[in-house]
Amino acid sequence: MSRSFLSTPIEYLKGVGPQKADLLKLELKVFTYQDLIELFPFRYIDKSVVQPIKQLNFTSQNVQLRGQLTSIQVLGEGRSKRLKAILTDASGSIELVWFNHFQWLHKVIKPDAFYTVYGRVNSFNGSLSINHPEIKLYEAIDEVKGLKFEPVYPLTEKLKARFMDSKWLSQLIAQIMTHPEFHYPEYIPISVLKPLKYPSRQQAIQCMHFPKNEGEVEWAKKRIKFEEMFALAMRTEKMKAIRMMTQKGYSLPKTGELIHGFYHKHLDFELTNAQKRVIKEIRSDLVKPFPMNRLLQGDVGSGKTIVALFCMLMCVDNGMQACLMAPTEILATQHYISISDQLSDLPIRVELLTGSTSKSKRIALLNDLKSGAIQVLIGTHALIEEDVHFKQLALAIIDEQHRFGVAQRAGLWKKYPVQPHVLVMTATPIPRTLAMTIHGELDVSVIDELPKDRKPIQTLHKQEKNRSQVMAFLDKEIKKGRQVYIVYPLIEESGKLNLNDLMTGYDIVCNFFPVPKYQISILHGKMKSETKALEMKRFKDGITQILISTTVIEVGVNVPNASVMLIEDANRFGLSQLHQLRGRVGRGAEQSYCILMTKDDLNPNAKRRIDTMCASNNGFDIAQVDLELRGPGDMLGTRQSGLPEFKLLDLTTDDEVIDLAKRAAAYVLGLDPLLQSADNAGLLNYLKVKQKDDFWGQVS
Ligand code: ADP
Ligand code: MG
């Protein structure tokens, strides 16, 4: 009964009618009563807070003002045509400007009437204005009715032009929700709902549309975000339970001598609590007899490699093999050198396999891999070539996973009868990875803490006119015994790499730092791999003080003694690339610096990138701004990645809610795998209706 009421077509609602219904469908995707009550306000007007215009200054952000329009004019021609009005209150005046689609507004606003205006304050050459404010006739009657906290719905220009405004929508919603047949049934089991202290489903929707205050809105939002994820998590957790019953993997129950030996004798620092926690999380997967699929996420320098090493030791302790795959040869080689060094006293054979491993060496390696004589194999894509066969590969780790294509990940290990556990590591998950975690194909472990002796990297923006000052600073650091990276952008012209900038840069650097007093390494992607490895080693061993490079060093490279990262033409790099590059320094206890050099005037986008880098060291904040700056073009990429769309849940900031919902779903399914109990009847019914493809019909 209640369902049929809420699924009533919107045109049946009093005050809507066929024409307005068509607009609601077209503009807001509102087809039924239910769609309408699930259309949430995007903000609320708190009528009690109105600012005097005189108090505004350049730091003011979103403000609510009330006053009279003292002048209304259309100015300019063509593209710069705009509507300008002056809003005046008892304290002062401010300019309001609308650039396009202002025709209807021009018709309805009246001089001398009182308006409530909401918008963001701009300052230009010392004068303040608001572009495209929301504007609404002020009616004293609102205050009499006590409507202090008013919802604002996501309206389009077309709707506004027909006077279909927030107030109108609000009245329609009230009409539905006060109807005797209105019933919005609860479906989250009481055992989940109660400890969370969330409002009931009906209370939540009431608070969204007719809140008494901000607190009620927040309370409701929490619950709605939770239920958006909970419905999805019920399904992904169920699928996981099914996978666990059908897929076979290696169980690694032993914590043996290698782990203990390494931990107590060879580790020269204390693990952070975050590292200890994620090792535990991974270990609890490795003991189970089905394949792990886990993402290890941690900002640059958070120490993911050591976690990888521990996991590989767990395999070897259980008599099996492990591999570590990196996106570049430089990184693979570096991992190989440092890991074989750390394990040198232990009875483990570690080998390196890359595209430039010689043919004869390769044949021998593959033999020893097949016989099980090699326990740990480190390498590049070469690890997944067809003729590479492990005896018993229990764990495959993929480092800097964001640099690998999707195709390379799918079905990588299919050739093995028992699937290895898979751990992928990254500082910056790509949308596709994020989607996999949301859909439960990947579990997530997060290292949210840096080793404790780290000082935040100081990031500075410098220009060509500061060149000699910057070089003098590098010199000072080098004289202290530190090392320096200098990175140049590489331009790709018609498929060819242009090394001009790098080579010119090399000459400039040599002028400031003459050989033989200073030793300089150079590194770029076109060099032979032996030469690359040699140059990298000379820098790592401290023989050279300066490493001039392209972005081949972007990911993973670890030389803790290096304390300065100088990035030339920094405006030509993307944000996440800058953050990765900066992550090459600050890996030891010394104060480190990142200097961003630019030549020309910066466009606003580049300026925002540089400013963001100078203001924040946090990969997460940086990823946020990056997503914002890339804008709609890239959002398409996000959509194609299979990320679900939510009304309120934000995948990048609501990880606590996401985690909570997953745990709640696992809990419900743990107690009642087929959702047969009376407590779960509403839930099962809801899921069947919401996820229409009969998944729940088949599994329950
Ligand atoms: P990333 O997470 O970027 O891959 P790495 O694993 O390369 O970071 O670690 C960065 C540096 O920090 C390395 O030199 C590593 O030896 C060091 N390191 C890792 N964990 C710790 C720790 N708990 N305490 C001190 N140094 C650590
Ligand atoms: Mg790394």
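**Exercise 1.** Decide whether Thr 272 is buried or exposed, and place this residue in the fold.

*Solution.* Start with the accessible area: Thr 272 has a relative value of 7%, so this residue is buried (under 20%; over 50% is exposed, and partly exposed lies in between, with a 1.4 Å probe and protein chains only). Next, locate the residue: Thr 272 sits in the loop that links helix H11 (257-266) to H12 (helices are DSSP runs of H or I with at least four residues, strands E runs with at least two, numbered from the N terminus). Finally, look for partners beyond four places in sequence: Thr 272 is in contact with Glu 449, Leu 450 and Pro 451 (heavy atoms within 4.5 Å).

A word on the model: it is predicted, with pLDDT of at least 70 needed for local features and 80 or more for side-chain atom pairs, while totals for chains, interfaces and linings use all residues. Residues count from 1 along each chain as written, chains are lettered from A and ligands numbered from 1 in written order, and side-chain values use heavy atoms without hydrogens or water.

**Exercise 2.** Describe how helix H12 packs against helix H13.

*Solution.* First, take the axes: those of H12 (residues 273-286) and H13 (residues 304-317) come within 10 Å and cross at roughly 30° (lines fitted to C-alpha atoms over the stretch in contact, with angles from 0 to 180 degrees between N-to-C directions). The pair is therefore roughly parallel (under 35 degrees; over 145 is roughly antiparallel, 65 to 115 roughly perpendicular, the rest oblique). Then list the meeting residues: H12 brings Gln 275, Val 278, Ile 279, Ile 282, Arg 283 and Leu 286, and these meet Ile 306, Val 307, Phe 310, Cys 311 and Met 314 of H13.

**Exercise 3.** Do the same for helices H9 and H10.

*Solution.* The axes of H9 (residues 201-209) and H10 (residues 214-246) come within 8 Å, crossing at roughly 130°. H9 is therefore oblique to H10. On the H9 side, Arg 201, Gln 203, Ala 204, Cys 207 and Met 208 take part, and their partners in H10 include Trp 219, Ala 220, Arg 223 and Ile 224.

**Exercise 4.** Find out why helix H21 counts as largely enclosed by the rest of the structure.

*Solution.* Count the buried positions: six of the eight residues in H21 (residues 575-582) are buried, so the helix is largely enclosed. They are Leu 575, Leu 578, His 579, Gln 580, Leu 581 and Arg 582.

**Exercise 5.** Characterise the surroundings of Arg 362 and of His 461.

*Solution.* Arg 362 belongs to helix H15 (residues 359-371). At a relative accessible area of 17%, Arg 362 is buried. Setting aside neighbours within four places in sequence, Arg 362 is in contact with Leu 353, Thr 357, Glu 385, Asp 387 and Val 388.

His 461 belongs to strand E16 (residues 458-463) and is partly exposed, at 30%. Outside four places in sequence, contacts of His 461 are Leu 596, Thr 598, Leu 602, Ile 610 and Cys 614. His 389, by comparison, is 72 residues from His 461 in sequence and 50 Å away, C-alpha to C-alpha.

**Exercise 6.** Summarise the whole protein: how many helices and strands are there, and what percentage of residues is buried?

*Solution.* There are 26 helices and 23 strands. Of the 700 residues, 49% are buried. The C-alpha trace spans about 85 × 70 × 45 Å along its principal axes. Among contacts between residues at least 6 apart in sequence, 72% join residues at least 24 apart.
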